[in-house]
Amino acid sequence: SDLSPLNEMVFLRKLNITSNQIYDISPLQDMTAMREIDLGYNEITDLSPLKKMIKLKHLWIGVNKVEDYSVLENLNELEYIKIRTNSLNISSLSKNLKHIDKLDIWCENLINFESIGKFISIKYLELVGAGIVDISPLSEMTEIKNLTLSYNKITDFSPLRNLDKIESLYIDRNQLSNISLL
């Protein structure tokens, strides 16, 4: 699908282009007023057209073919990222995104999970179906209020004991057999 008819809408603040078989988002590159964008379920591989969207707060990358997330490092107002993918190297996100408030990742293969601790300001964290076994990297994330760890392989939840700000915890479909480990 061709997004070029949208390139004159430079004051657009919210855009949802989900499920449109889009490969190229370069026509969006001058939409510097953008605050929220939903790119889910397309064929996008390159996020570099987002680099001028410095006011972007919410980004849903959804199911695409993105491998390089480095363009997000310059989006200093970004508060919420939602990613659906087969494989994700968490260290590719953690370099300069320490200001993220919400991180929502559904993936089958989460690489370098130990880097998740760099997101110290996260209040909402969702890591679903990522094959996580050891959650000790979460123990330093003391600002978390909402945590979802569904569909993983976790047996020991004791690293969460000192996260006293948690208000909501979803740990369904793991390998928990002893509730006292909480």
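Let me begin with terms: two strands count as paired if DSSP finds at least two bridges between them, and strands (E, at least two residues) and helices (H or I, at least four) are DSSP runs, numbered from the N terminus. What you see is a predicted model, in which local features need pLDDT of at least 70 and side-chain atom pairs count only at pLDDT 80 or more, whereas totals for chains, interfaces and linings use all residues. Residues are numbered from 1 along each chain as its sequence is written, and side-chain values use heavy atoms, with hydrogens and water left out.

The chain has 8 strands and 0 helices. Strand 2, residues 36-38, pairs with strand 3, residues 58-63, in the parallel sense over 3 bridges, and here Ile37 stands opposite Leu59. Strand 3 also runs parallel to strand 4, residues 80-89, with 5 bridges joining them, and Gly62 faces Ile83 across that pairing.

Turning to the interior, 44% of the 182 residues are buried, that is, under 20% relative accessible area with a 1.4 Å probe, counting protein chains only. The largest nonpolar core, meaning buried Ala, Val, Leu, Ile, Met, Phe, Trp, Tyr and Cys residues joined through side-chain atoms within 4.5 Å, has 53 residues, and Leu72, Leu93 and Leu103 have the most contacts inside it. Strands 3, 4, 5 (102-111) and 6 (124-128) each give two or more residues to this core, and strand 5 gives the most, with 4.

Which residues does Leu103 contact, leaving aside neighbours within four places in sequence? With contact taken as heavy atoms within 4.5 Å, the partners of Leu103 include Tyr80, Ile81, Leu93, Phe119 and Leu125.

Methods. Buried < 20%, exposed > 50% of the residue type's maximum accessible area, 1.4 Å probe, protein only.
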